[in-house]
Each structure stands twice: as C-alpha cells, then as structure tokens.
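Please examine the model shown here. The paragraphs that follow treat its charged contacts and then one of its helices.

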Amino acid sequence: MSWEKVKLGDVSESCLGKMLDQRKNKGTYKPYLANVNVRWGSFDLDNLQEMKFEDDEDERYGIKYGDLIICEGGEPGRCAIWKEELPNMKIQKALHRVRVNEEMDYRYVYYWFLLAGKQGALKQYYTGATIMHMPGQRLKEVVIDKPPLDVQRQIGHYLESFDNLIDNNQKQIKLLEEATQRLYKEWFVNLHFPGHENVKIVDGVPEGWTKPSMNDIADYLNGYAFKPDDWNDKGKPIIKIKEMNEGIIPTTPRNDGRAIPEKYNVIAGDILFSWSATLAAMIWDSEDGLLNQHLFKVTPNNGVCREYVLQSILKTLDEFKNLTTGSTMKHIQRGKLKEVFVNLPSQEIMDKFASIADVYREMVLRLQKQNSALKEARDRLLPRLMNGEIEI
C-alpha cells in the first residue's frame, strides 16, 4: 500500500537538550536523561545524573507524555516514548525531543523509527566518519510514511499492546530481583538467617561460617581480546559492556567463533561481571555469544550457589569501584579480587538460600523467555503493518 511520505520536521517540532557545562549552567540541580538512559522503547532511570536548570528553561528542555526521546549520537535514532515515568524530567544535549503535531500518532512514529533502525534506514541521515551523529537538521529531514491518522492509531495501539505486556513482565522481573537482593542482605549482611538466634558470632561471623575473598568463592575468566578485524555481522554476538546494558542490538558485532577458544563462549545462565569503570554484574539471559575483554565470566566454586555469587558481586560493587585503576579507562586488576571479602555461610544455609533464590531466578527466566517471544512476534508483524501489507 502506498502512503504519503513527509519529512519529520514538517509534522513535528524538535529540539536538542541542554549542554552540560558546570561553569556556565545556573539554577537548581535537577535530574536529566542522557544518551545512556535511552533504550529502544524504554528508559534506564536507575542512575540519573543532575545538572543545573533555570526555571525559564523548563519549557525548552522539559519533556511531556508522548514525546519521543531520540539519541543524537551513540546509536543515532535509538528512541523511546516518554510516559511520565518521573515528574519534571529534562534532557541533555545528546538527545532530541520530538513532539509530533495533530497529524501524527506518537506511537506510530516510534514504531516507524524502530523498524527503520532495524533495517538500517536511518544511516543515510548520519554524519561523522568514525563517531556517528544525527544532528537536528538531519533529523528533520528524515522521510517517514504518513498513513491516515486512524490507521496510525490502530497500528500504534496494536504494537503497543505487545510492549505493554513486555513492560509488565519487566516490572515483575525487577520485583523478583529485588526480593533476592533483600534476602541476601538479610541473611548474609544483617546475619538474620534461619536459626541465627542460636548461633554464636566468632570473629565477626557466625560460628561455622568463613570470610573468604571474592577471589576464593568463584573462578573469573577474562574475555577474549577481539580486534576490529574480528568483527562482522555474522555468527555469534560479541558480548561487551554495551550488550550487558542494552542487550543484543542490530549493530552488535559478531564473529563465527571458529578461531575463538571454546572457554570464551557465553550461554544463558552465565554470570557476567564488567571490570571497567562501568561496574555491573548480571545473569546472561540472551542468545549464546562470545566473551569480550573487559568482562569476566564468573563460575562459582563447588558448593557455592550462583545467586549467592551474583548477589555478592552486586553487594560489593562500591568496594570494587574504590579499587579501580587507570587514567582513561578505569578497571579492576585481577589481584584486587583478593581484597574484597564476604560472609560465606555454612553449606546448610547456602542450600536453603539456593532453594529460595533459584525459584526466583527460574521465574525471572520464564518471564524473560515470554518477553523474547513477545518481541519476536512484534518484530515479525512490524514491517507488515508499517508497509500496509496487513490491516488491523
């Protein structure tokens, strides 16, 4: 079906966020979104930065329900719909705010960008030889399809129903992960484990427990040093810090893995730990991949459950940050793992913790599989809906 084509700038108004300049910025410190906070279809709001905004800048840099927040660099065009997740939010210069007019449905425009990003159709609007950007004028020149408004609304509503289910699952996942964190803290930090009333504390730990270093409770495999020549668009994804944060995206480099030792394979269920300045840890839950340098694959020692190791890393991240070295890219030296200590319980308590935490993790994995299926279904329908091949 042939639909009218229009430039984005003709059916919306847009602006870049505020430049971060500590010397010149005035006003009150307020949180803002940066490029790193924007995912495809969602926002990471856990670690927001703040800068000074004056009262008369609220309209210029503030965002409202239904605004599209689009990355100017990094992965230009990556975007999400702002739905008032937090009040009075602002944006930094690395982001565009796009506010469509009455001719367009904001959900439809988002899904148009999602499809264009998957198909590489936005690259023609990029500038820059090495680091890609999409400045404001180029964004306004993006040509999009413009079906009748009622069709836009139908497409947006239908595709949004998949993402609403995904969002609900994500909320449940977060609650389950928080429950595991609380359980770990209560048992192994506050020492309120089952039967603690009848256990003596000896040298700062319950009788029968030990206080080993992080190096003693697991093995840490440093990733493979891939070179740019090793990167292509076929084979297994190369798992880097970016993939830990954002998941596997169309621009994730790949490698067939034939020349890479098998020990560097990453499968669902592996613990990954970044040792650079952006310290993070997670249970890998996506497709099989290859471990890049700057990441550890963490294998618990015998008798130590996976969730205990993961929660121990998460609990000690601040200590690791204080031990990072390097002037340009901070990282943890391998030997520093011996300088961070945790409370290791008796095997009986470890097994009881595992019996609860493993149930939570299985529920998380089940929800993640549902989300993968929902995304796959949405992405199969996306091009057919957007080109008018099927009607709702």
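In this predicted model, a search of the whole structure yields 29 salt bridges. One of them pairs Arg99 with Glu13, with 3.8 Å between the closest N and O atoms. This contact links distant parts of the chain, since Arg99 belongs to strand E10 (residues 95-100) and Glu13 to strand E2 (residues 12-16), 86 residues apart. Arg99 has a relative accessibility of 18% and therefore counts as buried, the limit being under 20%. Glu13, in contrast, is partly exposed at 35%.

A second long-range pair is formed by Glu103 and Lys146, whose closest N and O atoms lie 2.5 Å apart. Glu103 sits in the loop between E10 and helix H2 (106-119), whereas Lys146 is in strand E11 (residues 143-146), so the salt bridge ties together parts 43 residues apart in sequence. Glu103 is partly exposed at 30% relative accessibility, while Lys146 is buried at 16%. Salt bridges with shared partners also join Glu13, Glu59, Asp67, Arg97 and Arg99 into one network.

Asp44 and Arg39 provide a further example, their side chains meeting in a salt bridge at 3.5 Å, N to O. Here Asp44 is partly exposed, with 26% relative accessibility, and Arg39 is buried, with 11%.

Attention now turns to helix H4. This helix comprises 41 residues (149-189), and at 1.5 Å a residue it should span 60 Å; the end C-alpha atoms are 56 Å apart, which agrees with that expectation. H4 bends by about 25° at Ser161. Just after H4, Leu191 adopts a positive phi of about 65°.

Technical notes
Residues numbered from 1 in each chain as written. Predicted model: local features only at pLDDT ≥ 70, side-chain atom pairs only at ≥ 80, totals over all residues. Heavy atoms only, no water. Helix = DSSP H or I, 4+ residues; strand = E, 2+ residues; numbered from the N terminus. Expected span 1.5 Å × (residues − 1). Bend = angle between axes of the 7 residues up to and from the residue. Salt bridge = Lys/Arg side-chain N within 4 Å of Asp/Glu carboxyl O. Buried < 20%, exposed > 50% of the residue type's maximum accessible area, 1.4 Å probe, protein only.
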